[in-house]
Structure formats: structure tokens, C-alpha cells
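Me: I would like to go through this structure with you, one topic at a time. Could you take my questions as they come?

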Amino acid sequence: MITYSLRRIVSIIPILILVSIVVFFLAKMMPGDPFTGEIDPNNTKPEYIEEMREKLGYNDPISTQYVRWIGNFIQGDFGKSTKYKKPAIEVIKDKLPNTIFLAVCALIITYLLAFFLGMYAGRKPNTIGDHAIGIFNYGGLAIPQYIVAIVAIYFFAFKLGWLPSSGSFKPGLEHGTWEFWSSRFYHVILPAFTLGLLSTASYTQFLRNDIIQNSRMDYVRSARARGTSESSIYNKHILRNSIIPLITFFGFDLATLISGAIITETIFTYPGIGMLFIDSITSRDYPIIMSLTMIFSLLTLLGNLVADILYGIVDPRIRY
């Protein structure tokens, strides 16, 4: 397992290099010029502009610019945000905790709902409850995330007034207090449910089908023949085997939830890195765009690695 993990980590490096090349050249091809955000807008003298372009390295060959950018990125220097006028890494650090909090809450909601709904539907197939859960699953898989977000805001925020439709906490609260954290949980419910709905629906359906399939295996028939109670059969035999593949999805969720937060955070105006990414595209803040794209790519690759490692851990039959 250690050898396999090291081999996978090494294989990530060339993929990241390829991604960095694509990200860099796509940023260069985008409309506008990031240089305009790094100089004094009141000074329009051609001499000043040319001097600053030379000083900041925009007149260097494109290959030289790439090597300088990727070298700085590896050292933790993501460049300077042209919108916020401070290092890009500081801007990302300010927004990242909100996205992590949203992703963790969405992950908890996803696995709790998927576990209980999938277990119920798997134990009682073709009942009214199973059909109702099936409708929920197919709806969650078919309806786009932004539609779910808009409908949730309309009903739960505007019509019923149960939950807030924007922000991450109520303004004026002191950080670290009970009221502050209560407000944070209160504000994250709607976006977390919206973000985790697709995964909840797919995992519930997967767990339900796997439980039904495992309940027809020979070892289950043998357990019933020995007089083992149904609850023991489901909890010790069927559920234990059915939940193994579900655990491996955790690795994919690490990347999916954070990158999927782009849509959710934008609709709910939730101040995380997803909303920051959209704002950076709108304002052509290239250092932020390039840094976040690289971070999303890295998380995706690490998520795949974690999923493979977890699968080998929870299933002894898998050997790499």
C-alpha cells in the first residue's frame, strides 16, 4: 500500500505540470490585461506604462513568465490580487474557512441522510417508503443544483422565513461566541443541503441497491438458516459489506464538494472560495483565478488518491 501510494503521488506531479501549463496559457488568452490592475490608474504616461511592464516582467518571453509563475506558486507565492491589492494567498486564506465549513456540513448531511434513507429503502424494497425515497433520489439526480438552490431560497427563506438566504453569519456578532457559531450553523443549512443533495441522492440509491443485492447472497441465506435474527443479519452482514464502497466515495467528495461550492456559494452569496472564484473571473483577477484553478485540480487528484487508499483499507480483498 505504501509503495502504491508513493507511486500515485509521483504520478500526480506530471499531471499538475500539464494542468499548470493549460491554466497559465488560458489566463494569458483571456480578454483584458492583468497588468492594468497592478499600476497607478491615474498615471497614463506611455513611458511609465512601459517602464512598469518591463519591471513587472510582462515584456519577458512567455516561457520565462511561466517558469517564474510556477516557481513562485510552488514556494507559496500566488502573486498579488489585482482587485484586493494584497497577496492572493491572503485573500484565499480569508475565504477558505467558510468553504471548508460549508463542505464539512454538506458532507455530514450527505452521509447521514444517505445512510438512513438507503438502509430503510434497502430493508423494505417496493414499499411506499421505498418509492418515496426513490422519487427523492431521482429528483436529486435530475434537477440542476442551481434550480434546487433557487427553489430552496424561495420557499424556506422568502415564503416561510425559516432560514436566511445569504451570508455566513449575522452581522454584529462577536467571533467565537455561542451566538456567532449558532448563526453560522443557521446560515449554512440551506447551502449545505443544496451542495450535498446530488451526492445524497446517488449514495442513497447506491446503498439501497447494494443492500438488496447482498441480501440475496448465499452467506445471508446461511445466516437465516442458522436462526440469526434479521437485525443481526442486516447490521453485521449485509450493511457491513454494503457500506464499504460508500466509504471510498469520501475521497471523491473532498474535491467535489469544494469545487461544487462555486455554484452554491454564488447563488447564496456565501463568502467562500467558490464565490471568490466567480468574482475573480468577473473582475479579471488573474492571480486568484490561476491559484484557485490549481488548488481545485490538486484537490481532485488528492481526492482520487484518498479514494483508492480507503478502498484498499476497508476491503482486505484489494491489494495494490
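Reply: What follows is a discussion of selected helices, salt bridges, buried threonines and a surface patch in a predicted model.

Me: Let us start with α5. How many residues does helix α5 have, and how far does it reach?

Reply: Helix α5 covers residues 128-142, which is 15 residues. From its first C-alpha to its last it reaches 21 Å, close to the 21 Å expected at 1.5 Å a residue.

Me: Which residues of α5 are buried?

Reply: The buried residues are Asp130, Ile133, Gly134, Asn137 and Gly140. They lie on the same side of α5, because the arc they cover around the axis is only 130 degrees.

Me: And which residues are exposed on the other side of α5?

Reply: Ile128, Ile135, Tyr138 and Ala142 are exposed there.

Me: What do the buried residues of α5 pack against?

Reply: Their packing partners are two helices, α4 (88-123) and α7 (178-214).

Me: Changing topic: how many salt bridges does a search of the whole structure find?

Reply: The search finds three salt bridges. One of them involves a residue of α5 already mentioned: the side chains of arginine 208 and aspartate 130 meet at 2.8 Å, N to O. Arginine 208 belongs to helix α7 and aspartate 130 to helix α5, so this pair ties together parts that are 78 residues apart in sequence.

Me: Are arginine 208 and aspartate 130 buried or exposed?

Reply: Both arginine 208 and aspartate 130 are buried.

Me: What about lysine 86: which residue does it form a salt bridge with?

Reply: Lysine 86 pairs with aspartate 94, and their closest N and O atoms are 3.1 Å apart. Lysine 86 is partly exposed, at 29% relative accessible area, and aspartate 94 is partly exposed as well, at 47%.

Me: And where is the salt bridge of arginine 221 and aspartate 218?

Reply: That pair sits in helix α8 (residues 218-225). Arginine 221 and aspartate 218 are three residues apart, so about one helical turn separates them. Their side chains meet at 2.8 Å, N to O. Aspartate 218 is exposed, with a relative accessible area of 58%, whereas arginine 221 is partly exposed at 48%.

Me: Back to the interior. What is threonine 110 in contact with, leaving aside its neighbours within four places in sequence?

Reply: Threonine 110 is in helix α4 and is buried, with a relative accessible area of 1%. Apart from those sequence neighbours, threonine 110 is in contact with Gly196, Ser199, Thr200 and Tyr203.

Me: Same question for threonine 264: what is it in contact with?

Reply: Threonine 264 is placed in helix α9 (residues 230-267), and at 1% relative accessibility this residue counts as buried. Neighbours within four places aside, the contacts of threonine 264 are Gln145, Pro191, Thr194 and Leu195.

Me: Now the surface. Which residues form the nonpolar patch there?

Reply: The patch is formed by Ile143, Tyr146, Ile147, Ile150, Val151, Tyr154, Phe155, Phe156, Phe158, Leu160, Trp162 and Ile263. Together they have about 1,200 Å² of accessible area.

Me: Where does the largest share of the nonpolar patch come from?

Reply: Helix α6 (residues 145-159) contributes the largest share, eight residues.

Me: And where is leucine 160 placed?

Reply: Leucine 160 is in the loop between α6 and α7. This residue is partly exposed, with a relative accessible area of 44%.

Terms used:
Residues are numbered from 1 along each chain as its sequence is written. This is a predicted model: local features need pLDDT of at least 70, side-chain atom pairs count only at pLDDT 80 or more; totals for chains, interfaces and linings use all residues. Side-chain values use heavy atoms; hydrogens and water are left out. Helices (H or I, at least four residues) and strands (E, at least two) are DSSP runs, numbered from the N terminus. The expected span of a helix is 1.5 Å times one less than its number of residues. Buried means under 20% relative accessible area, exposed over 50%, partly exposed in between (1.4 Å probe, protein chains only). The arc is that of the directions from the helix axis to the C-beta atoms. Contact means heavy atoms within 4.5 Å. A salt bridge is a side-chain nitrogen of Lys or Arg within 4 Å of a carboxyl oxygen of Asp or Glu. Patches are made of residues with over 30% relative accessible area and no salt bridge: like charges are joined within 9 Å, nonpolar side chains (Val, Leu, Ile, Met, Phe, Trp, Tyr) within 5 Å. Accessible areas come from the Shrake-Rupley method with a 1.4 Å probe; for residues, only the protein chains shown count as cover.
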